[in-house]
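Work through the following exercises with the sequence and the model side by side. Each task is followed by a solution that goes step by step.

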Amino acid sequence: MPQKYTATHTLTYSASTVDLIEIAAPSTRAVRITGVMVGQDSDDATSESEMLPITIQRASASGSGGTVLTAGKIEAGFATAASTVEGGNTTGATLSTPVLVYDSFNVLSGWRWVGELWLAPSAIMVVRIPANPSDAIDLKVTLEFEEYG
């Protein structure tokens, strides 16, 4: 039975932030990503409306300069997550091709992706906004995932 987790991060997204959230699967488990949510509460006027691109992509090397996140267990009896999750890396991960998800969203309405992406043991995946916002935005990012093995 899979163990289910969420990892959340709040960050001020600006030109210096590269990766919103990154997950590295443990060497002994596969990981299934089931959802990503991005929202904000710092831009609330129509004049601050802007469209930003967002990608989900595998990486061959981890980024750095962010915060190590503690994944929350969906059920109290689950083991602690073995995956490494980081938020707000300022040095981006080394991305691999192809881009798995490429979309855009309006910062006033946020973004939610629901689907299924698998990571093999030791694989890395990154959620990134590959463009600079017109001004700094306080983002809330949530990653939902399961570990198998």
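**Exercise 1: Surface and overall form**

The accessible surface of the protein comes to about 6,900 Å², of which 50% belongs to carbon and sulfur atoms. The model is predicted.

Task: Find what share of the residues is buried, and compare the radius of gyration with that of a compact globule.

Solution: Begin with burial, where residues under 20% relative accessible area count as buried; they make up 47% of the 149 residues in the protein. Next, take the radius of gyration, which is 15 Å and agrees with the value near 15 Å that a compact globule with 149 residues would have. Finally, look along the principal axes, where the C-alpha atoms fill a box of roughly 50 × 30 × 25 Å.

**Exercise 2: Strands and their order**

Task: Count the helices and strands, and then work out which strands stand at the edges of the five-stranded open sheet.

Solution: The protein has eleven strands and zero helices. Five of the strands form an open sheet with antiparallel pairing, and their order is S6-S1-S11-S3-S9. Strand S6 (72-73) and strand S9 (111-119) each have a single partner strand, so one side of each is left without a neighbour in the sheet, and these two are the edges. Inside this order, strand S1 (residues 3-13) runs antiparallel to strand S11 (residues 137-148), and eleven bridges join them. As a point of orientation on this pairing, His9 stands opposite Val141 in S11.

**Exercise 3: An aromatic pair**

Task: Classify the pair of Tyr5 and Phe78, and explain what it ties together.

Solution: The count of aromatic pairs comes to three. In the pair of Tyr5 and Phe78, the rings are 6.4 Å apart centre to centre, with 55 degrees between the planes, and the pair is tilted. Because Tyr5 lies in strand S1 and Phe78 in the loop between S6 and strand S7 (84-89), the pair ties together parts that are 73 residues apart in sequence. Tyr5 counts as buried at 1% relative accessibility, and Phe78 counts as buried at 9%. Phe145 joins Tyr5 and Phe78 in one aromatic cluster.

**Exercise 4: Two backbone details**

Task: Locate the cis peptide bond from Thr97 to Pro98, and describe the setting of Ser122.

Solution: The bond from Thr97 to Pro98 has omega near 5 degrees and is cis, and Pro98 is placed in strand S8 (residues 94-106). Ser122, a residue other than glycine, has a positive phi near 75 degrees; its place is in the loop between S9 and strand S10 (124-128). At 47% relative accessibility, Ser122 counts as partly exposed.

Key
Residues numbered from 1 in each chain as written. Predicted model: local features only at pLDDT ≥ 70, side-chain atom pairs only at ≥ 80, totals over all residues. Heavy atoms only, no water. Pairing = 2+ DSSP bridges. Helix = DSSP H or I, 4+ residues; strand = E, 2+ residues; numbered from the N terminus. Phe/Tyr/Trp six-rings, centres within 6.5 Å; stacked < 30°, edge-to-face > 60°. Buried < 20%, exposed > 50% of the residue type's maximum accessible area, 1.4 Å probe, protein only. Rg over C-alpha atoms; globule rule 2.2 N^0.38 Å. Areas by Shrake-Rupley, 256 points an atom, 1.4 Å probe, with all protein chains shown as cover.
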